[in-house]
Structure formats: structure tokens, C-alpha cells
Amino acid sequence: MLRKQLHETYMVTITEFLSNWEYLIKANDKAKKTITLKKGNEIVAVLFTSNTFRELLGHK
């Protein structure tokens, strides 16, 4: 399941996220995609929006 979710995510560095967090959350919520935060080559966090949870749980 993680592999599938990584293809349906928006990967961004922590610095980019902190600079544009409002836009990223709104845009990815509308697109029903998770936001994956990276530091170097490591994934440090995965953010779920309300629409992402609905999609993940199968609620439309």
C-alpha cells in the first residue's frame, strides 16, 4: 500500500513546505493527494488532508 501511496503523493522538502504550506495543503486537498516531506533522501513525514482520508477510507 505504501508503494501505491508514494505514486499518489506530492513530494516536497521541509523548507519548501514551510515556505508554501497554505498553498500546498489547499492544492493537495483538492487533488486528494498526500504530501510527503523529505530531508535529503529520507521521508520524514506524510501529511494527510481531510479529502485524502476520505479517499483512503473509500468515502466519497
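Two strands count as paired here if DSSP finds at least two bridges between them. With that in hand, hello everyone, and let me walk you through this one. Please keep in mind that it is a predicted model.

Let me begin with a bridge. In E3, alanine 45 is the bridge partner of leucine 37. The two strands involved, E2 and E3, are joined by five bridges and run antiparallel. They also form a hairpin, with two residues between the strands. If you look at the turn, you will find glycine 40 there, with a positive phi of about 70 degrees.

Now to the other side of E2. Strand E2 covers residues 34–39, and five bridges join E1 to it, this time with the strands running parallel. One position to look for is threonine 13, which stands opposite lysine 38 in E2.

So what is the strand order in the sheet? It is E1-E2-E3, in an open sheet of three strands with mixed pairing. Strand E1, residues 9–13, and strand E3, residues 42–47, stand at the edges; each has a single partner strand, so one side of each is left without a neighbour in the sheet. From one strand to the next, the twist averages 30 degrees.

What packs on this sheet? Helix H2, residues 14–31, does, and it touches E1, E2 and E3. The direction of H2 makes about 155 degrees with that of E1. While we are on this helix, have a look at alanine 31, which has its place in H2. Alanine 31 has a relative accessible area of 45%, and because buried means under 20% and exposed over 50%, it is partly exposed. Its C-alpha atom is separated by 9.7 Å from that of glutamate 8, and the two residues are 23 apart along the chain.

Let me step back to the whole chain for a moment. There are three helices and three strands, and along the sequence they follow the pattern α-β-α-β-β-α. How much of the chain counts as buried? The figure is 22% of the 60 residues. The accessible surface comes to about 4800 Å², and 56% of that belongs to carbon and sulfur atoms. As for contacts between residues at least 6 apart in sequence, 39% of them join residues at least 24 apart.

That brings me to the surface, where there is a nonpolar patch. Its members are Met11, Ile43, Val46, Phe48, Phe53, Leu56 and Leu57, and together they have about 610 Å² of accessible area. Which elements give two or more residues to the patch? Those are E3 and helix H3, residues 50–57. The largest share, three residues, comes from H3.

Two residues of H3 deserve a quick stop. Phenylalanine 53 sits in this helix, and at 42% relative accessibility it counts as partly exposed. Serine 50 lies in H3 as well, and its relative accessibility of 43% puts serine 50 in the partly exposed class too. The C-alpha atoms of serine 50 and threonine 34 are separated by 9.9 Å, with their positions 16 residues apart along the chain counted as the separation.

To recap, picture an open sheet in the order E1-E2-E3, helix H2 packed on it, and a nonpolar patch on the surface that takes three residues from H3. Thanks for listening, and I am happy to take questions.

Terms used. Residues numbered from 1 in each chain as written. Predicted model: local features only at pLDDT ≥ 70, side-chain atom pairs only at ≥ 80, totals over all residues. Heavy atoms only, no water. Helix = DSSP H or I, 4+ residues; strand = E, 2+ residues; numbered from the N terminus. Axes fitted to C-alpha atoms, helices over the stretch in contact; angles between N-to-C directions. Contact = heavy atoms within 4.5 Å. Patch = residues over 30% accessible without salt bridge, like charges linked within 9 Å, V, L, I, M, F, W, Y side chains within 5 Å. Areas by Shrake-Rupley, 256 points an atom, 1.4 Å probe, with all protein chains shown as cover. Salt bridge = Lys/Arg side-chain N within 4 Å of Asp/Glu carboxyl O. Buried < 20%, exposed > 50% of the residue type's maximum accessible area, 1.4 Å probe, protein only.
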